[in-house]
Structures are given as C-alpha cells and as structure tokens.
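New to this one? Here's a quick tour, from the strands to the helices and then the chain as a whole.

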Amino acid sequence: MKLKPLSLPLTVCKVADVGSVTRGMDFFFLAKTDEEISLVCKTEDTPSVTLAREDGWRAFRIEGMLDFSLIGILSKISAVLAENGIGIFAVSTYNTDYILVKEQDFARAMTALTAAGYELA
C-alpha cells in the first residue's frame with residue numbers, strides 16, 4: 001500500500017462555530033457533532049480565535065480510492081506506529097484516509113512504515 005507524506009504543517013483545533021472557518025482554504029477537515037466543532041487545517045490557515053489548538057502535525061495520505069468494504073487499513077497502520085511509540089490523529093474522507101503524527105515523530109513514522117512494508121510515494 002502506498003502512503004504519500006504531505007509537506008503541509010497542520011493544526012488540529014476546536015472552534016466555537018463553523019462560521020469562523022474560512023471555506024476558501026485549499027486543505028481542511030471540518031467536523032461538527034453535538035459536542036464540538038473540530039478543524040484540521042494548514043497551520044497558516046488556522047482561525048485567529050480557537051477554543052483549543054495544537055500545532056505541529058504532519059500527515060500521510062493513503063493513496064488511491066479506498067472501497068468501504070476494505071477492513072483494517074487504519075488499524076494496521078496505527079498498530080505499526082503504536083509499536084514505535086507514535087500517536088496518531090486519523091481523519092477519513094469519502095475517498096481515503098489521512099494519518100496525522102506530530103512533527104517530531106514524522107521521520108520515525110516514515111522509517112517504521114517503510115520497515116513494515118508500506119511504500120512512501
């Protein structure tokens with residue numbers, strides 16, 4: 001399976017309302033539940049007012065479109081990273097999944113994933 005490391009510095013944050021999120025950004029994930037509104041975006045695009053914010057994330061994208069019938073893709077990747085003491089923040093879209101790791105763990109994550117047989121594109 002191919003993973004594409006993304007060069008974007010990312011931020012994970014909570015915002016008070018979706019209106020504070022600029023929809024013209026070229027890369028973001030927005031999730032609203034009955035308990036919170038979460039945003040993942042390029043650090044430079046983070047709203048000036050957030051309820052909580054954590055900078056310093058990088059991401060891997062699973063290349064290609066993933067069929068909904070595929071099982072265990074995220075669990076296998078997260079297991080490899082967990083075995084190497086690397087925490088993740090995962091985000092899924094209709095087409096694929098993104099695995100975020102902290103910037104300081106990114107090089108170790110690439111090494112661990114390559115050793116486990118993942119191809120980095």
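Let's start with the strands: in this predicted model, strand β1 (residues 2-14) pairs with strand β4 (residues 52-62) over 8 bridges, in the antiparallel sense. β4 also has strand β6 (residues 97-102) as a partner, again running antiparallel, with 5 bridges joining the two.

**Strand pairing, residue by residue**
- If you'd like a spot to look at between β1 and β4, try Val 12, whose bridge partner in β4 is Glu 54.
- For the pairing of β4 with β6, go to Arg 58, which has Val 101 of β6 as its bridge partner.

**The two helices**
- Now look at helix α1 (residues 73-83) and helix α2 (residues 106-115): their axes come within 9 Å and cross at roughly 120 degrees.
- That angle makes α1 oblique to α2, since angles over 145 degrees would count as roughly antiparallel and those from 65 to 115 as roughly perpendicular.
- As for handedness, α1 passes α2 in a right-handed crossing.
- On the α1 side, the contact is made by Ile 77, Val 80 and Leu 81, and α2 brings Ala 109, Ala 112 and Leu 113.
- Sort the residues of that contact by type and you get 6 nonpolar, no polar and no charged.

**The whole chain**
- In total, the chain has 7 strands and 2 helices.
- Follow the chain along the sequence and the pattern reads β-β-β-β-α-β-β-α-β.
- Along the principal axes, the C-alpha atoms fill a box of roughly 40 × 35 × 25 Å.
- The radius of gyration is 15 Å, which agrees with a compact globule, because one with 121 residues would have a value near 14 Å.

How values were computed
Residues numbered from 1 in each chain as written. Predicted model: local features only at pLDDT ≥ 70, side-chain atom pairs only at ≥ 80, totals over all residues. Heavy atoms only, no water. Axes fitted to C-alpha atoms, helices over the stretch in contact; angles between N-to-C directions. Helix = DSSP H or I, 4+ residues; strand = E, 2+ residues; numbered from the N terminus. Parallel < 35°, antiparallel > 145°, perpendicular 65-115°, else oblique. Left-handed = near helix turned anticlockwise from the far one by under 90°. Contact = heavy atoms within 4.5 Å. Nonpolar A, V, L, I, M, F, W, Y, C, P; charged D, E, K, R; others polar. Pairing = 2+ DSSP bridges. Rg over C-alpha atoms; globule rule 2.2 N^0.38 Å.
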